[in-house]
Amino acid sequence: MMHRAYQPVLPCGNKYLQEKWDKTYYDEHRKKVKSAKPMVNTTTPQTYGHLHLKMKKLKLEEERLSTIERDNSMLLEKMSNIMRTRGRIDNKNDYENKSLNREKRQQELLRVTRENHNILERLSSCGPQYSVKRWHEDWQRNEKYMENIARYPRSCDSARHIKNKSRAAGKTNELNKHESQERGGKEGVEGTGNEETKERPENEGKREDGDKPEKGDKHENEDKSESKDKHEDKQEEGDKCENKVNKNASQ
């Protein structure tokens, strides 16, 4: 039976001796595997007594219990005293509030007030650095320089501006007069029938009252006449300035 015979891996001269040697080698290998030790220590760590039995914690707990016992004993004594003496207690308090830094705060307040007074005196005694009078003189001087440097007199521009304003005002006055005339014409047509029914003496009395001028109307007429004169003078000045400008331009 060739298939039951030992078949070595490598070629050899004697199969029986090779089988014996392989068997001894395998047995030694098994022994080494069984007796092998791990490279990493996987055992449980060593236990220490001071970690399981915490003396500090026990001491703190003992102190807490002692304080509780002492408070309880004091409370019991007070309660027994109250029971014996019918609950008489002394709740009077004659203590006055006292500040430890009162003097320091008073000194600081005096120092601050003194400094504020000094600052106020300095501010009230110091004079201004800029002079309004000097500013006004400089402005007048600059105005003279501008008039000397200008190509055309500055009064011409102002007169032209006044003339344009007067023209616009005249147009608006004409439009207002035209509208008032139209309204008056419509009102006259509507009121013809009503006027005939009225009595003549009443109309005469109203006319007499209307013919009498009032004092306020006199003053208003005088103001209007003065404003018209001023307006005409300004228009004349504007026309003169325009004529000068046109002459200079033609030259």
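At 1.5 Å a residue, the 21 residues of helix 1 (residues 15-35) should span 30 Å, and the C-alpha atoms at its two ends are indeed 30 Å apart, which agrees. The expected span used here is 1.5 Å times one less than the number of residues in the helix. The structure is a predicted model, in which local features need pLDDT of at least 70 and side-chain atom pairs count only at pLDDT 80 or more, while totals for chains, interfaces and linings use all residues. Residues are numbered from 1 along each chain as its sequence is written, and side-chain values use heavy atoms, with hydrogens and water left out.

At the start of helix 1, a side-chain oxygen of Asn-14 comes to within 3.2 Å of the backbone nitrogen of Tyr-16.

The chain as a whole contains 9 helices and 0 strands; helices (H or I, at least four residues) and strands (E, at least two) are DSSP runs, numbered from the N terminus. Along the sequence, the pattern reads α-α-α-α-α-α-α-α-α. Of the 251 residues in the chain, 4% are buried, where buried means under 20% relative accessible area, exposed means over 50%, and partly exposed lies in between (1.4 Å probe, protein chains only). The accessible surface of the chain comes to about 25800 Å², and carbon and sulfur atoms account for 52% of this area. Such areas come from the Shrake-Rupley method with a 1.4 Å probe; for residues, only the protein chains shown count as cover.

One part of this surface is a nonpolar patch formed by Leu-53, Met-55 and Leu-58, with about 320 Å² of accessible area together. Patches are made of residues with over 30% relative accessible area and no salt bridge; like charges are joined within 9 Å, and nonpolar side chains (Val, Leu, Ile, Met, Phe, Trp, Tyr) within 5 Å. Leu-53 is located in the loop between helix 2 (49-52) and helix 3 (55-85).

The structure holds 4 salt bridges, each defined as a side-chain nitrogen of Lys or Arg within 4 Å of a carboxyl oxygen of Asp or Glu. In helix 3, Glu-61 and Arg-64 lie 3 residues apart, about one turn of the helix, and their side chains meet in a salt bridge (2.6 Å, N to O). Glu-61 is partly exposed at 36% relative accessible area, and Arg-64 is partly exposed at 42%.

Helix 4 (residues 102-125) has 24 residues and reaches 35 Å from its first C-alpha to its last, close to the 34 Å expected at 1.5 Å a residue. This helix is hardly covered, for 0 of its 24 residues are buried. Within helix 4, Glu-115 and Arg-111 are 4 residues apart, about one helical turn, and form a salt bridge (2.9 Å, N to O). Glu-108, Arg-111 and Glu-115 are linked in a network of salt bridges.

In helix 5 (residues 132-149), Asp-138 and Arg-141 are 3 residues apart and therefore separated by about one helical turn. The two residues form a salt bridge, with their closest N and O atoms 2.7 Å apart.

A pair of aromatic rings is described by the distance of the centres and the angle of the planes. The structure holds 1 aromatic pair. The rings of Tyr-130 and Trp-135 have centres 5.8 Å apart and planes at 40°, so the pair is tilted. Rings of Phe, Tyr and Trp (its six-membered ring) pair if their centres lie within 6.5 Å; planes under 30 degrees apart count as stacked, over 60 as edge-to-face and the rest as tilted. Tyr-130 is exposed, because its relative accessible area is 63%.

Technical notes. Polar contact = N/O pair within 3.5 Å; in protein donor to acceptor, adjacent residues only side chain to side chain.
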